[in-house]
Amino acid sequence: MGSSHSMPEEIQELADKTGFTLEQIEHLHRRFRQISGDQPTIRKESFDRIPDLEFNPIRSKIVRAFFDKRPIEMNMDEEQLDHFRKEKLKFLFHMYDSDNDGKITLLEYRKVVEELLSRNPHLEKESARSIADGAMMEAASICVGQMEPDQVYEGITFEDFLKMWQGIDINTKMHVRFLNMEPIAHCH
C-alpha cells in the first residue's frame, strides 16, 4: 500500500470506501503479498505459486480474468451492482463461447465440460459428453420451452445465460481458493 499514509490510516480509508471490514482488508493484503511474492504488483507469473490452480484445466482463463481491465467502482448502488453482476456473468459466458460468436454451442459446452472433468479418473469422456448434452437440453427447456420435433437449439445466447443464472448468487460461485499457500514471513 502507499507510503503517504500510515498503514492503519490507509486500511481505515479502504474500509470506508469499500465496505470491507478492517480484518477483511488485512486478510486481502496478506493474500496479495502471498500471491505477489511480497512485491508491489501481481503479475501473471505470480499465479504459478498457487498450488490449487496448478492443475486446473481452465487455469489460463482464470488467470486472464484477474487481469481484466474493467474498472470496479466502490460504493455501488443496486443498479451498479446488477450491472457488475452481469459483467461477471459475461466473463463466465465468454469462458464457454470460445469463438466469440455470441452463442455457446453444444460443441463448445462439451469441450469445457470435458476439460473440467478430465482429471476425474472415474469419468470417461462419453460420461462427460452426456453431462454436457443433458445440461444443454436443460438450457433449451429453460430458454425456449417446449421445442418442436424438428426444432434445433443452436446454442445459449447471453440473454439465455442470464435467465439460467437468475436467482443464483454469482459471488459465491466464482472464487479461487488459496488455502494451500505458504504463509509469508514477517520482516521487522
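Trainee: Which helix has the lowest mean pLDDT, and which the highest?

Mentor: This is a predicted model. Among the elements of the protein, helix α9 (residues 170-173) has the lowest mean pLDDT, 58, and α8 has the highest, 87. Over residues 178-188 the pLDDT is below 50, although this stretch has 20 contacts in the model beyond near neighbours in sequence. Where pLDDT is low, the predicted coordinates should not be read in detail. For the protein, the mean pLDDT is 76, and 78% of its residues reach 70 or more.

Trainee: What makes Glu154 and Lys103 a salt bridge?

Mentor: The cut-off between a side-chain nitrogen of Lys or Arg and a carboxyl oxygen of Asp or Glu is 4 Å. The side chains of Glu154 and Lys103 meet at 3.3 Å, N to O, and therefore the pair lies within 4 Å. Glu154 belongs to the loop between α7 and α8 and Lys103 to the loop between α5 and α6, so the pair ties together parts that are 51 residues apart in sequence.

Trainee: Why is Glu154 called exposed?

Mentor: Exposed requires over 50% relative accessible area. Glu154 has 57% and therefore counts as exposed. Its partner Lys103 has 26%; this value falls between 20% and 50%, so Lys103 is partly exposed.

Trainee: How do you know that Arg110 is buried?

Mentor: Buried means under 20% relative accessible area. The value for Arg110 is 16%, and therefore Arg110 is buried. Arg110 also forms a salt bridge with Asp133, with the closest N and O atoms 2.8 Å apart. Arg110 lies in helix α6 and Asp133 in helix α7, so the pair ties together parts that are 23 residues apart in sequence. Asp133, at 23% relative accessibility, counts as partly exposed.

Trainee: What makes Arg129 and Glu114 a salt bridge, and where do they lie?

Mentor: The closest N and O atoms of Arg129 and Glu114 are 3.3 Å apart, which is within the 4 Å cut-off. Arg129 is in helix α7 and Glu114 in helix α6, 15 residues apart. Glu114 is buried at 16% relative accessible area, whereas Arg129 is partly exposed at 28%. A search of the whole structure finds 5 salt bridges.

Trainee: Which residues touch the most other members of the largest nonpolar core?

Mentor: Of its 20 residues, these are Ile104, Tyr109, Ile156 and Phe161. Helices α5, α6, α7 and α8 each supply at least two residues of this core, and the largest share, 6 residues, comes from α5. A second, separate core of 6 residues includes Ile35, Phe47, Leu53 and Ile62.

Terms used
Residues numbered from 1 in each chain as written. Predicted model: local features only at pLDDT ≥ 70, side-chain atom pairs only at ≥ 80, totals over all residues. Heavy atoms only, no water. Core = buried A, V, L, I, M, F, W, Y, C linked by side-chain atoms within 4.5 Å. Buried < 20%, exposed > 50% of the residue type's maximum accessible area, 1.4 Å probe, protein only. Helix = DSSP H or I, 4+ residues; strand = E, 2+ residues; numbered from the N terminus. pLDDT = per-residue confidence, 0-100. Contact = heavy atoms within 4.5 Å.
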